[in-house]
Amino acid sequence: MREILVTSALPYANGYIHLGHLVEYIQTDIWVRAMKAQGHTVTYVCADDAHGTAIMLKAEDNGVTPEEQIATVKASHEADFATFLIDFDNYHSTHSVENQHFSELIYRRLNSAGHISTRDVEQLFDPEKNLFLADRFVKGTCPECGSPDQYGDNCEVCGTTYDATDLINPRSTLSDATPVLKTSKHYFFDLPEFEQFLQDWTRSDNRLQPSVANKLQEWFDAGLTSWDISRDAPYFGFQIPDTPSDEPDKYFYVWLDAPVGYMASFKNLCEQRAGTDNALDFDHYWAQENEHKTEVYHFIGKDIVYFHALFWPAMLAGSEFRTPTGVFAHGFLMVNGEKMSKSRGTFIKAETYAEHLHPEYLRYYFASKLSDKVEDINLDLEDFMQKVNSDLVGKVVNIASRSAGFIVKKYDGMLSDVCAEPRLLEDVTKTGDEIAAAYENREFSRAMRLIMQCADKANEYIDDKKPWALAKLEGTEKEVQDVCSVAINIFRQLMVYLAPVLPELTDNAKAFLNIDDLSFHSRNQWLLGHQINKFKPLMQRIEQQDIDAMVEASKASLGESQEATNQATVSQKTDQTATKSGADVVEDNSEPTDYIGIEDFAKVEMKVAHVLACDYVEGADKLLQFTLDVGEDKPRNVFSGIRKFYEPEQLIGKKVICVTNLASRKMKFGISEGMVLSTGNPKTQLTVITLPENCVVGDLLA
């Protein structure tokens, strides 16, 4: 059994959680749950990053103290994380006594070892706000290309990087005042002293992904520089200790105490659990001599690799603490193939999403996209709907809904004493080893593919055995029970495999399956002679209207922006182009497309089909789902919009006409592999065309 401490990057206590943030917390939570399910001791801590000028100014704008500001935001963050089932063992704040203690301790140890130096720094100073200006609070004319209104670190027009002091006609974005140059003493952490240590550390023991290690090499090649760890008052944070009494107040730069927040949150948890059965020892995880006894992992975004893979391990090594076992970076989130956009409604708050869609839909979709690589992932909203509906509802939940009814109604919920298909169930059980390894290696997309392959095997087995048909024959009671018992056992295995991703669904499944344990080891004990409970729907399909409502609400909640103005301009140009294209079509003298020739009609392939099963489609008020025998190796799945005119039992056993060479249609609840022909008015009455009993299944109709 391994002892593992896990953290996610600390969200800044200056705003809401959005879907881009959730990539990381969902990724981390899934990994933590999977490792716990495999029997390891895993502790997951996080905290709000609560210091800095931005928070101080935000509080000022809101008319509250910084402490009140960060308390309000922390409560909001914790509510959002709970909604998305992120199960922290502790969620703390960097504005805490624990964080102050460890920040000062690390600083003092670094200073005693000679790793801290000072020098004067010339900066822009806002005379009205009476504070030094960070680059993002300064704008002016680019010194290279002359473009106006550029920030103090780089030009968005020509791409040149520069110091804020190089700007022409600089101005403060906080007061619009002209800043002045002012000199102040700053404290520096001598990072170059740790270059050889960091060269070895970043290339050893798979601590970093290869692409991250390669990126860091670029910084080594360019030469490491000392890191400015101080800021001047006014500043919301911790004062640097032991500074000369005649110097103005100096504060730790937010990026010094932010990663220390991992230690602080863990220490706070240790104090909470002191004297209990699950007590934790801080030194057991953080003391340098225990580095090979316990494991520490940080999950972060690729934009903060520099801080976590250079500054942080150097700070820890220099202050005689252990360094992380691994730092895992992920890419950014795109929505519909583009950066998140306020004007398009794709800059979506966690709270807004949860008002319209179940959080587990997003957890599964992210899992299906995430790998161990540092790649951006795309939330394609149409694919999101199709994938959730097809995989979770159409494949996984469908196994239980197709099988449970027979077991409960005919056998009082009792599964067979013996497994009728041991090789099939052994195959699914053995796949659990690959799935567990994929989880541990953060190859979540591979894990999801393996899980869905198991679901496909179950559905193929059910389609092959046709329990609905067997149930109508004499003397097949035991066979029906056996078939459905195999299906229920595979469903249980799928719940084991999906539990790290879908904790709420799998908890509900435990009630249906009448079991308490979904750990990875539990899959080795099959449910034989076991009684299950009545099946209740576990998941609803996503409807397009819910996605549309979420997008519209995101536009409304975030308000108008300059981007919206720009987008409107682009849309106007697009509309003008579309109008011209439309005129071109009108002037085209080609034949109308309302008619087809006999050659086209001759391409339509229609076959006699036997209705093996017909069911309601959960969540769709117009559809029936057909299982059709068309004389092929396996039945076809076809959806038809006739629910308002028929009860399913009216059509079971009938011979109908199926268009079999129609391209399969990927719908939001599964794939439709043909069309059942009917006649009439879809608004008033549709009548399915039925054929005589003596028609041969699979025969072509002309």
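This is a short walk through one structure, from a helix to the cores to two sets of strands. Before anything else, keep in mind that we're looking at a predicted model.

Okay, let's start with helix H4, which covers residues 97–112. How far apart should the ends of H4 be? With 16 residues at 1.5 Å a residue, the expected span is 22 Å, and the end C-alpha atoms are indeed 22 Å apart, so the two agree. Now, which residues of H4 are buried? That list runs Glu 98, Asn 99, Phe 102, Ser 103, Glu 104, Ile 106, Tyr 107 and Leu 110. As a reminder, an α-helix has 3.6 residues a turn, so residues three or four places apart point the same way. Keep that in mind when you look at the buried list again: Phe 102, Ile 106 and Leu 110 are among its members. And just after H4 you'll find Gly 114, with a positive phi of about 85 degrees.

Right, on to the cores. The largest nonpolar core has 170 residues, and Trp 286 and Tyr 439 have the most contacts inside it. Helix H12, residues 381–411, gives the most to this core, with 14 residues. So what does Trp 286 touch, if we skip its neighbours within four places in sequence? Its contacts are Leu 5, Met 263, Phe 266, Val 296, Trp 312, Leu 316, Phe 321 and Arg 322. Apart from that core there's another one, of 18 residues, which includes Val 73, Phe 137, Cys 142 and Phe 236.

Now the strands. One open sheet has three of them, in the order S7-S6-S8, and the pairing is antiparallel. S7 (150–151) and S8 (168–172) are the edge strands, each pairing on one side only. Between S6, residues 138–141, and S8 there are three bridges, and one pair to look for is Thr 141 with its bridge partner Ile 168 in S8.

Last stop is strand S19, residues 624–629. Is S19 mostly covered or mostly open? Mostly covered: five of its six residues are buried. S19 pairs antiparallel with S18, residues 606–616, over six bridges, and there Tyr 616 has Leu 624 in S19 as its bridge partner. S19 is also joined to S20, residues 636–640, by five bridges, again antiparallel. Look for Phe 626 there, standing opposite Val 638 in S20. S19 and S20 make a hairpin with six residues between them, and in the turn Gly 631 takes a positive phi of about 85 degrees.

That's my tour, thanks.

Note on methods: Residues numbered from 1 in each chain as written. Predicted model: local features only at pLDDT ≥ 70, side-chain atom pairs only at ≥ 80, totals over all residues. Heavy atoms only, no water. Helix = DSSP H or I, 4+ residues; strand = E, 2+ residues; numbered from the N terminus. Expected span 1.5 Å × (residues − 1). Buried < 20%, exposed > 50% of the residue type's maximum accessible area, 1.4 Å probe, protein only. Core = buried A, V, L, I, M, F, W, Y, C linked by side-chain atoms within 4.5 Å. Contact = heavy atoms within 4.5 Å. Pairing = 2+ DSSP bridges.
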